[in-house]
Amino acid sequence: MSLELTAAAPTAPDDVDGGVWLECIECGETFAPFEDIRYTCDDCDGLLEVRYDDPPTFDEFEGRGVWRYNAALPFEEGVSLPEGATPLHRVPRLEKAIDVENLRVKHEGMNPTGSFKDRGMTVGVRVAKELGVGRLACASTGNTSAALAAYGARAGLETLVLLPAGKVAAGKIAQAALHDARILEVDGNFDACLDIVQELAEQGEVYLLNSLNPFRLEGQKTIGLEILEEFHADYDTYPDRIVLPVGNAGNTAALYKCFRELVQAGALDPEDVPKLTGVQAEGAAPMVEAVENGADEVRRWDEVETIATAIRIGNPVNAPKALPGIRNTGGTAVSVSDEEITAAQRALAKEGVGVEPASAASVAGLKKLRDRGDVDADENVVCLTTGHLLKDPDAAFEAGNEPEPVANDTGAVLDLIEGDASPSRGRLRRLLPF
């Protein structure tokens with residue numbers, strides 16, 4: 001087990017009050033959390049993490065949802081809709097088809113705006129109010145914009161979102177629009193949008209709430225706390241592995257931080273830390289490339305393409321936090337094709353779990369790793385699904401059964417449903433390898 005996982009809890013700097021501070025993961029410089037706006041280290045431009053001088057234990061948590069875990073967060077309460085407390089589904093047919101001991105699916109699509117992003121926004125927008133900022137902003141492949149717009153509206157703050165033109169699902173744009181965000185469609189990909197938003201933030205024009213903001217990940221780490229608590233309650237053990245889609249790698253970084261804090265508090269044995277396993281689409285897989293090549297840094301992919309729009313990202317900003325998380329927990333990373341993603345989306349739907357394509361990447365990745373022998377049959381596994389199927393209704397329609405025309409007559413309906421399966425249903429079943 002890595003030194004970082006077994007390290008003692010950090011000690012608060014002398015000049016920091018309240019037991020919460022920011023610390024650079026590269027040079028170790030520390031900063032008071034709410035005196036100035038910063039996203040990276042003043043000295044070396046490294047990524048920042050939120051630190052606590054009293055990491056929490058499970059017996060400190062009370063209530064429900066994200067703010068059940070306020071002992072592990074910077075505030076007692078945030079700007080809330082509310083969020084969290086998402087289901088950990090049993091999926092017996094998938095479990096049997098993939099052939100693992102126990103398989104559960106953590107469905108983050110059941111958050112208020114339909115994705116895990118709400119967990120980060122309830123904390124991040126609360127921080128924005130603490131700092132007294134007037135305009136929130138993000139670059140987005142869709143889910144971040146929907147969450148920021150909703151939580152910004154709740155807080156009464158102006159919201160600006162930059163989206164790659166023609167690359168965001170209609171369901172997500174509709175959410176941001178209805179929640180009164182100002183939407184700018186940029187002639188470029190997500191990474192280009194993020195470059196612009198970062199420049200606006202550096203100029204003091206906006207408060208950045210992409211996952212480069214360390215407070216976003218504080219909310220997202222509650223995914224890990226919920227998984228550990230519920231899985232342990234059901235099986236009296238912790239999952240051996242958590243498989244999750246990777247875009248900007250924020251969830252990978254957040255879960256790793258969650259586990260480190262629990263180990264530091266003595267609430268989790270290092271040997272019980274789940275293996276973090278990242279999954280990317282083949283057309284947008286810079287993290288997988290780095291893991292497979294043993295690289296310390298992730299190479300930016302300037303051209304990315306996949307049906308999984310939520311992870312169509314070529315420059316994951318949280319890679320410096322996420323790569324150690326994968327390696328130090330004994331995990332791995334794998335890429336899957338769009339066809340494998342669609343098959344997994346349909347397999348989940350057959351269990352009643354409706355997700356957008358990027359979410360299904362976790363299940364597709366688990367199947368691929370199990371088929372290769374990289375995952376053992378006796379493992380307990382949780383797959384994270386990050387967004388609801390209605391986030392991308394066009395993709396859901398394409399993956400589903402085609403409507404069948406029928407005459408306006410009961411007998412015609414009976415003839416159709418009692419006859420042979422339609423060509424469309426047979427075609428879709430052949431596409432499903434589960």
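The legends below describe close-up views of a predicted model.

**View 1. The six-stranded sheet.**
This open sheet has six strands in the order β4-β5-β13-β10-β11-β12. Its pairing is mixed. From one strand to the next, the twist averages 25 degrees. β4 (88-90) and β12 (333-336) stand at the edges. Each has a single partner strand, so one side of each is left without a neighbour in the sheet. Helix α10 (residues 286-293) lies across β11 and β12. The helix runs at about 135 degrees to β12.

**View 2. Strand β10 and its partners.**
β10 covers residues 241-245 and is mostly covered, with five of its five residues buried. Which residues point each way from β10? Arg241, Val243 and Pro245 point one way, and Ile242 and Leu244 the other. In a regular strand, side chains alternate between the two faces of the sheet. Two strands pair with β10 here. Strand β11 (residues 275-281) runs parallel to β10 and is joined to it by five bridges. Within this pair, Thr277 of β11 stands opposite Val243. Strand β13 (residues 380-385) also runs parallel to β10, joined by three bridges. There, Arg241 has Val381 as its bridge partner.

**View 3. The crossover from β10 to β11.**
Helix α9 (residues 250-264) joins β10 and β11 in a β-α-β unit. What is the hand of this unit? The β-α-β unit is right-handed.

**View 4. Asn102 at the β5-β13 pairing.**
Asn102 lies in strand β5 (residues 102-107). β5 and β13 are parallel and share six bridges. The bridge partner of Asn102 in β13 is Asn380. The side chains of these residues, Asn102 and Asn380, also make a polar contact of 2.7 Å. Is Asn102 buried or exposed? Its relative accessible area is 16%, under the 20% cut-off, so Asn102 counts as buried. Leaving out residues up to four places away in sequence, Asn102 touches Glu95, Phe231, Tyr235, Glu379, Asn380 and Val381.

**View 5. The four-stranded sheet and helix α6.**
A further open sheet has four strands in the order β8-β7-β6-β9. The pairing in this sheet is parallel. Why is one side of β8 and of β9 left without a neighbour in the sheet? β8 (182-186) and β9 stand at the edges, each with a single partner strand, so one side of each has no neighbour there. Helix α6 packs on this sheet and touches β6, β7, β8 and β9. The direction of α6 makes about 150 degrees with that of β7. Five bridges link β7 and β8 in the parallel sense. One residue pair to find is Val161 and its bridge partner in β8, Ile183.

**View 6. The largest nonpolar core.**
The largest nonpolar core holds 51 residues. Which of its residues touch the most other members? They are Val125, Leu136, Leu148 and Tyr207. The elements giving two or more residues to this core include β1 (20-24), α3 (117-131), β6 (135-139), α4 (143-155), β7 (158-164) and α6 (190-202). α4 gives the largest share, six residues. A second core is separate and has 30 residues, among them Leu94, Val363, Ala364 and Val381. In soluble globular proteins, nonpolar side chains tend to be buried together.

**View 7. The surroundings of Leu136.**
Leu136 is one of the residues that touch the most other members of the largest core. Its contacts beyond four places in sequence include Val125, Ala128 and Leu148. Gly152, Leu157, Glu158, Thr159 and Leu160 are also in contact with Leu136. So are Tyr207 and Leu209.

**View 8. Glu23 in strand β1.**
Glu23 is found in strand β1. A polar contact of 3.4 Å joins its side chain to that of Trp21. Not counting residues up to four places away in sequence, Glu23 touches Gly28, Glu29, Thr30, Leu47, Leu48, Glu49 and Arg51.

**View 9. Asp394 in helix α14.**
Asp394 sits in helix α14 (residues 393-399). Is Asp394 buried or exposed? With a relative accessible area of 56%, over the 50% cut-off, Asp394 counts as exposed. Ala358 is 36 residues away along the chain. The C-alpha atoms of Ala358 and Asp394 are separated by 14 Å.

Note on methods
Residues are numbered from 1 along each chain as its sequence is written. This is a predicted model: local features need pLDDT of at least 70, side-chain atom pairs count only at pLDDT 80 or more; totals for chains, interfaces and linings use all residues. Side-chain values use heavy atoms; hydrogens and water are left out. Buried means under 20% relative accessible area, exposed over 50%, partly exposed in between (1.4 Å probe, protein chains only). Two strands pair if DSSP finds at least two bridges between them. A crossover is right-handed if, with the strands pointing away from the viewer, the path from the first strand over the helix to the second runs clockwise. A nonpolar core is a set of buried Ala, Val, Leu, Ile, Met, Phe, Trp, Tyr and Cys residues joined through side-chain atoms within 4.5 Å. Contact means heavy atoms within 4.5 Å. Axes are lines fitted to C-alpha atoms, for helices over the stretch in contact, and angles run from 0 to 180 degrees between N-to-C directions. A polar contact is a pair of N or O atoms within 3.5 Å; within protein, one must be able to donate a hydrogen and the other to accept it, and residues adjacent in sequence count only if both atoms are side-chain atoms.
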